Amino acid sequence: MRKVAVITLMALGLVEGSLADGFGQGANYFGVEFVDVGFTGNVAKTQDYGTLGGSLTFGTVDYEYRIGKYEITIDQFLKATNADNRIGDDDENYWDDGERTVGSNAPASKVSWYEAAKFCNWLTSGDAYNGAYLFNTNGTLTGVNRDLAMYEYGTVYLLPTEDEWFKAAYYKPIDDGSYSLYTSGYDDLLTHGTPYGWNYYHGYEGTVNSSPNFTWYVGYGAFEQNYTYDMTGNVWEWLESAYDGVLDSMSEWRTIRGGGYGNYNGHLPRSLNRFDENPAQEQGMIGFRIVAIDGDDDKDDDLIDDLWEVKHFGSITNCAPSDDPDNDNYSNLEEFKNNTSPHTWDIYLGCFTSIELVWKTVEGTNYQIQCSSTLASNSWANLGDEIAGDGLTNIYFHSTRNSDKKYYRIITAP
C-alpha cells in the first residue's frame with residue numbers, strides 16, 4: 001500500500017534529515033514529510049502548570065521516531081478519505097470551503113481525534129479501522145496498541161504522545177538537557193507574522209491574517225529549532241495522550257498543544273500551556289500532525305526479537321528474558337532461540353535436559369544408536385559404541401539441553 005520516496009535535507013542536532021513517505025495511488029497519491037528525532041533517552045522537563053495539571057514532567061523518549069514536518073493538510077486528508085470514506089465526514093476542508101479560501105495546503109481542521117486516528121491507521125495499513133488504533137466494525141474505538149501494530153505492519157503512523165510532541169517542539173538540539181519555552185529555541189516572545197514568524201494573536205496587531213482566512217498554508221512561516229513548522233500557532237494539534245496521562249477510557253478527553261492563530265501574544269502557544277478537548281469535538285482551530293515509528297528488532301535490548309514478544313505477550317514490556325511461564329525449564333530467551341511457545345510445555349526433544357531411549361534387546365544382537373538434525377539419509381551419525389544385546393531392557397541417556405533439535409533411531413549393527 002505504501003510507496004516511499006526519500007528526500008534528504010541535511011540539518012544539525014536533533015533532526016538529522018527530512019523524509020517524505022508516500023501514500024495512496026493515482027489521483028489520491030500524496031506525500032508526508034518527516035524530520036528525524038534522535039537523542040534517545042534524553043532528560044525530561046518538569047514544570048509547574050498550575051491549574052493545568054500542577055507539576056508535570058514531559059519530554060523524555062527512549063526510542064527514535066519521526067515527526068511530521070508540517071501539520072496535515074486539507075489535500076492530504078481528503079485524498080486519504082477519498083481512498084477510505086470511513087476516515088472523515090467531508091468537512092475537513094474548513095479553510096478552503098469557498099467561504100474561506102486559504103487553499104488545500106492549509107491545515108485540515110474540524111477533524112475529531114477519532115478521525116485523526118483513522119487517518120493514521122490508513123497510512124499504516126490501508127484500512128481506517130486497522131493499525132495502532134483499534135476500531136470495531138461499527139467504527140467505535142476499542143483500544144490503542146502500538147506494539148501490536150509494529151508487529152503486524154513494521155512502520156506505524158500515529159498521533160504523537162505528549163512526550164513525543166513536547167520533545168520535538170522544545171528540546172534544544174544541542175542535547176545538553178535543556179528545553180526552550182518556545183519552539184523557536186528561545187524563551188523570548190516569538191516574532192509575529194510571516195514570512196519569518198509565527199501565526200498567533202499579538203496584542204494590538206491582532207491576528208496575522210484577517211477574517212475569514214485566519215490560518216496560513218503549512219510551511220509559510222518560520223521553521224522551528226528542530227526543523228518543524230507551526231508547532232506554535234496556526235492551529236492547535238491533537239495528541240494521542242489523555243489529558244490526565246492515563247488513557248484508560250477511549251472516550252476520555254485528550255490533550256491538545258501548540259496554540260492557534262487566535263491565541264493571545266504567544267503566551268498560550270508555549271511549553272507551559274496544554275489544554276484538553278473531547279475527542280469527538282471538531283473545531284476550525286484544531287488540526288494535527290503525525291509521527292512515524294519504524295519497527296526495531298529489539299527496541300528494549302533484551303536479546304529477544306520485539307515481534308516475538310508482542311506475538312506471545314502482547315507487548316515488549318511484558319516479557320522478561322529469564323521468566324519461564326510454562327515451567328518447562330526453558331526461559332523466554334531460550335524459547336525464543338528455540339522458536340517454541342513460552343506458554344506451552346513443548347514436546348519435542350530439544351525442550352528436555354536429556355533424552356532417554358529404552359528398548360528390549362535380543363541376546364546376540366548388537367545395536368547402534370544414531371542421531372540426525374534433518375532426517376536426510378546421509379545425515380545420521382553414530383552416538384557412542386555399539387551396544388551388545390543381552391535379552392534385557394537397555395536404557396540410554398543423551399544430553400540435549402542447549403543443542404539443536406535432533407532425531408534419534410536405534411539400528412541393528414551388521
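**Briefing: aromatic pairs, salt bridges and the largest pocket**

Counting ring pairs with centres within 6.5 Å, the structure comes to 32 aromatic pairs. One of them joins Trp 113 and Tyr 114: the ring centres are 5.8 Å apart and the planes stand at 85 degrees, so this pair is edge-to-face. The model is predicted. It also holds 13 salt bridges, and its largest pocket has a volume of about 660 Å³.

**Aromatic rings**

- A pair of aromatic rings is described by two values, the distance of the centres and the angle of the planes.
- Planes over 60 degrees apart count as edge-to-face, and the 85 degrees between Trp 113 and Tyr 114 therefore puts them in that class.
- Trp 113 has a relative accessibility of 0%, so this residue counts as buried.
- Tyr 201 and Tyr 264 form a tilted pair, because their planes are at 35 degrees; their ring centres are 5.9 Å apart.
- Tyr 201 sits in the loop between helix H4 (162–170) and strand S10 (236–242), and Tyr 264 in the loop between strand S11 (254–257) and strand S12 (275–277), so the pair ties together parts 63 residues apart in sequence.
- Both partners count as partly exposed: Tyr 201 has a relative accessible area of 30%, and Tyr 264 is at 46% relative accessibility.
- One aromatic cluster is made up of Phe 23, Phe 30, Phe 34, Phe 77, Phe 119, Trp 122, Tyr 157 and Phe 288.

**Charges over rings**

- Arg 274 places its charged end over the ring of Tyr 243, 4.2 Å from the ring centre.
- Lys 118 does likewise with Phe 135; here the charged end is 5.9 Å from the ring centre.

**Salt bridges**

- Glu 164 and Arg 146 form a salt bridge whose closest N and O atoms are 2.7 Å apart.
- This pair links distant parts of the chain, with Glu 164 in helix H4 and Arg 146 in helix H3, 18 residues apart.
- Glu 164 and Arg 146 are both buried.
- Arg 289 and Glu 237 meet through their side chains in a salt bridge of 2.8 Å, N to O.
- Arg 289 lies in the loop between strand S13 (286–287) and strand S14 (291–293), while Glu 237 lies in strand S10, so the salt bridge ties together parts 52 residues apart in sequence.
- Arg 289 counts as buried at 0% relative accessibility, and Glu 237 counts as buried at 1%.
- Arg 100 and Glu 99 form a salt bridge of 3.5 Å, N to O.
- The two ends of that bridge fall in opposite classes: Arg 100 is buried, at 9% relative accessibility, and Glu 99 is exposed, at 55%.
- A network of salt bridges links Asp 21, Arg 66 and Asp 294.

**Largest pocket and helix H4**

- The largest pocket, with its volume of about 660 Å³, is lined by 30 residues.
- The lining residues closest to the pocket centre are Tyr 63, Arg 146, Thr 161, Asp 163 and Glu 240.
- Strand S5 (55–58), helix H3 (146–153), H4 and S10 are the elements that give two or more residues to this lining.
- By class, the lining has twelve nonpolar, eight polar and ten charged residues.
- Arg 146 thus appears twice in this briefing: among the residues closest to the pocket centre, and as the salt-bridge partner of Glu 164.
- Eight of the nine residues of H4 are buried, so this helix is largely enclosed by the rest of the structure.
- The buried residues of H4 are Glu 162, Glu 164, Trp 165, Phe 166, Lys 167, Ala 168, Ala 169 and Tyr 170.

**Backbone exceptions**

- Most peptide bonds are trans, and most residues other than glycine have a negative phi.
- A cis peptide bond joins Ser 211 and Pro 212, with omega about 5 degrees.
- Pro 212 is in the loop between H4 and S10.
- Tyr 227 lies in the loop between H4 and S10. Its phi is positive, about 70 degrees, although it is not a glycine. Tyr 227 is partly exposed, with a relative accessible area of 27%.
- Asp 90, also not a glycine, has a positive phi of about 75 degrees. Asp 90 belongs to the loop between helix H1 (74–83) and helix H2 (113–125). At 59% relative accessibility, Asp 90 counts as exposed.

Key
Residues numbered from 1 in each chain as written. Predicted model: local features only at pLDDT ≥ 70, side-chain atom pairs only at ≥ 80, totals over all residues. Heavy atoms only, no water. Phe/Tyr/Trp six-rings, centres within 6.5 Å; stacked < 30°, edge-to-face > 60°. Buried < 20%, exposed > 50% of the residue type's maximum accessible area, 1.4 Å probe, protein only. Helix = DSSP H or I, 4+ residues; strand = E, 2+ residues; numbered from the N terminus. Lys NZ or Arg CZ within 6 Å of the ring centre and 35° of its normal. 1 Å grid on protein atoms, 1.4 Å probe; cavity = no way out; pocket = protein on both sides within 12 Å on 5 of 7 lines; lining within 4 Å. Points joined across faces, edges and corners; volume = space filled by probe spheres on them. Nonpolar A, V, L, I, M, F, W, Y, C, P; charged D, E, K, R; others polar. Salt bridge = Lys/Arg side-chain N within 4 Å of Asp/Glu carboxyl O.
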